[in-house]
Amino acid sequence: MSGDRLRVQWWCDPTGQWFAAQVMDSANAGVWEVFLVPGRTGAPFAGKRLCMGSASSLEVLETVWLEAFAGATTGQLSEGRFPAFAELVAAGSNPAGVSVVRDDTAQVLHLQADVRYWQHLAKSLSKTSVMNEATYAQPPRQNTLPEPPAQAQSTKEWQLSDIGEWAAANADRIVIMPRAIAATKRSTFEQPALLFECLELLANEYTQVKTGKADRFAFKNKAEALGLDFGGSVEPSVAGEMGDLYFVRWHGRRQFLDQHLCKGNARDPRFCMRIYFFYDEDTQKVIVGHMPSHLPTSTS
């Protein structure tokens with residue numbers, strides 16, 4: 001069933017005990033699923049999950065959930081790997097009736113991505129360790145000049161929850177949009193220091209390159225030293241299919257987040273980092289529209 005905003009597809013078995021639905025919300029570029037299944041004791045259990053979308057999509061899901069299932073179940077499945085809509089439909093199409101479906105392909109791919117990320121991290125740390133050992137192996141040089149007075153330096157270790165404070169303190173060098181601040185505060189990314197290093201890189205070296213104050217290697221070399229990848233976010237045609245996910249309102253205009261800085265290939269938000277931004281020629285600043293999670297690249 002399709003309307004101006006929602007496209008809904010659902011399935012239920014002949015007994016009416018098994019039910020699954022998938023909803024695509026074009027207004028919020030969201031996709032979410034709900035299901036109702038009998039438990040081992042026969043009592044019904046329900047589950048819901050937001051496959052893709054923003055906080056607005058989550059609000060729609062919660063509203064529909066309360067209206068449809070409030071009081072109809074004896075329990076809600078704990079957070080975990082819920083069966084996908086396609087899996088329930090496949091199980092229900094079995095002539096023998098509904099059976100348990102176990103598909104570990106997604107989990108295997110997820111673990112493989114994690115392994116690649118940790119291997120890359122181990123190599124980076126190994127290179128850093130070798131460089132440090134080489135530095136310490138050199139004999140100290142005699143310094144005949146008087147040491148300059150020590151300058152007070154900030155020892156604050158920025159956390160993701162501090163992003164609003166950091167953004168306000170550095171607003172003259174880089175702009176962090178409210179949407180990016182909110183997403184960062186909710187994030188489970190486990191390397192906050194790296195995120196702030198990346199923001200410094202964009203505010204300093206990247207901006208200097210864009211304004212002609214430094215050659216491109218000033219940014220490229222430091223990005224590579226941090227193990228970062230830099231490039232375009234998605235094709236404009238793909239971004240257009242994703243609603244406002246890849247766009248922000250800046251000075252009254254809709255701007256495309258055409259660039260991104262990234263670290264790690266795993267989709268797990270604890271280990272994967274993405275900073276989506278564009279460079280504003282008028283203000284000569286980087287405008288960060290989303291971070292640190294990976295934005296979807298397909299509505300499928």
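Is Arg5 buried, exposed or partly exposed? In this predicted model, Arg5 is partly exposed, with a relative accessible area of 39%. The report below starts from this residue and its partner, and then turns to the protein as a whole, to other charged pairs, and to two buried residues.

**Arg5 and the first hairpin**

The side chain of Arg5 meets that of Asp25 in a salt bridge, with N and O 2.8 Å apart. This pair links distant parts of the chain, since Arg5 belongs to the segment before E1 while Asp25 lies in strand E2, 20 residues away. The surroundings of the partner can be stated too: Asp25 is buried, with a relative accessible area of 1%.

Strand E1 (residues 6-12) and strand E2 (residues 19-25) run antiparallel and are joined by seven bridges. Within this pairing, Trp10 has Ala21 in E2 as its bridge partner. The two strands form a hairpin with six residues between them, and in the turn Gly16 has a positive phi of about 80°.

**The protein as a whole**

The protein contains eight helices and twelve strands, and of its 300 residues 36% are buried. Among the contacts between residues at least 6 apart in sequence, 54% join residues that are at least 24 apart. The accessible surface comes to about 18300 Å², and carbon and sulfur atoms account for 53% of that area.

**Salt bridges**

The count of salt bridges comes to six, and the table lists some of them, including the pair already described.

| Pair | Closest N to O distance | Separation in sequence |
|---|---|---|
| Arg5 and Asp25 | 2.8 Å | 20 residues |
| Glu200 and Arg173 | 3.1 Å | 27 residues |
| Asp282 and Arg253 | 3.6 Å | 29 residues |

Glu200 and Arg173 form a salt bridge whose closest N and O atoms are 3.1 Å apart. Glu200 lies in helix H6 (residues 192-210) and Arg173 in the loop between helix H4 (163-169) and strand E6 (174-176), so the pair ties together parts of the chain that are 27 residues apart in sequence. Glu200 is partly exposed at 27% relative accessibility, and Arg173 is likewise partly exposed, at 22%.

The side chains of Asp282 and Arg253 also meet in a salt bridge, at 3.6 Å from N to O. Here Asp282 sits in the loop between strand E11 (273-280) and strand E12 (285-290), whereas Arg253 is in strand E9 (residues 253-256). Asp282 counts as exposed at 62% relative accessibility, while Arg253, at 42%, counts as partly exposed.

**A buried lysine without a salt bridge**

Lys263 is placed in strand E10 (residues 259-263). Although Lys263 is buried, it has no salt bridge, and the nearest side chain of opposite charge, that of Glu197, is 8.2 Å away. A salt bridge would need a nitrogen and an oxygen within 4 Å of each other, so the 8.2 Å to Glu197 is beyond that cut-off. The side chain of Lys263 does, however, have a polar atom 3.0 Å from the backbone oxygen of Leu226.

**A buried histidine**

His290 is found in strand E12 and counts as buried at 9% relative accessibility. Its side chain makes a polar contact with the side chain of Ser293, at 2.9 Å. Leaving aside residues up to four places away in sequence, His290 touches Arg179, Ala180, Ala183, Leu257, Arg274, Ile275, Tyr276 and Leu295.

Key: Residues are numbered from 1 along each chain as its sequence is written. This is a predicted model: local features need pLDDT of at least 70, side-chain atom pairs count only at pLDDT 80 or more; totals for chains, interfaces and linings use all residues. Side-chain values use heavy atoms; hydrogens and water are left out. Helices (H or I, at least four residues) and strands (E, at least two) are DSSP runs, numbered from the N terminus. Buried means under 20% relative accessible area, exposed over 50%, partly exposed in between (1.4 Å probe, protein chains only). Contact means heavy atoms within 4.5 Å. Accessible areas come from the Shrake-Rupley method with a 1.4 Å probe; for residues, only the protein chains shown count as cover. Lys and Arg count as positive and Asp and Glu as negative; His and the chain ends are not counted. A polar contact is a pair of N or O atoms within 3.5 Å; within protein, one must be able to donate a hydrogen and the other to accept it, and residues adjacent in sequence count only if both atoms are side-chain atoms. Two strands pair if DSSP finds at least two bridges between them.
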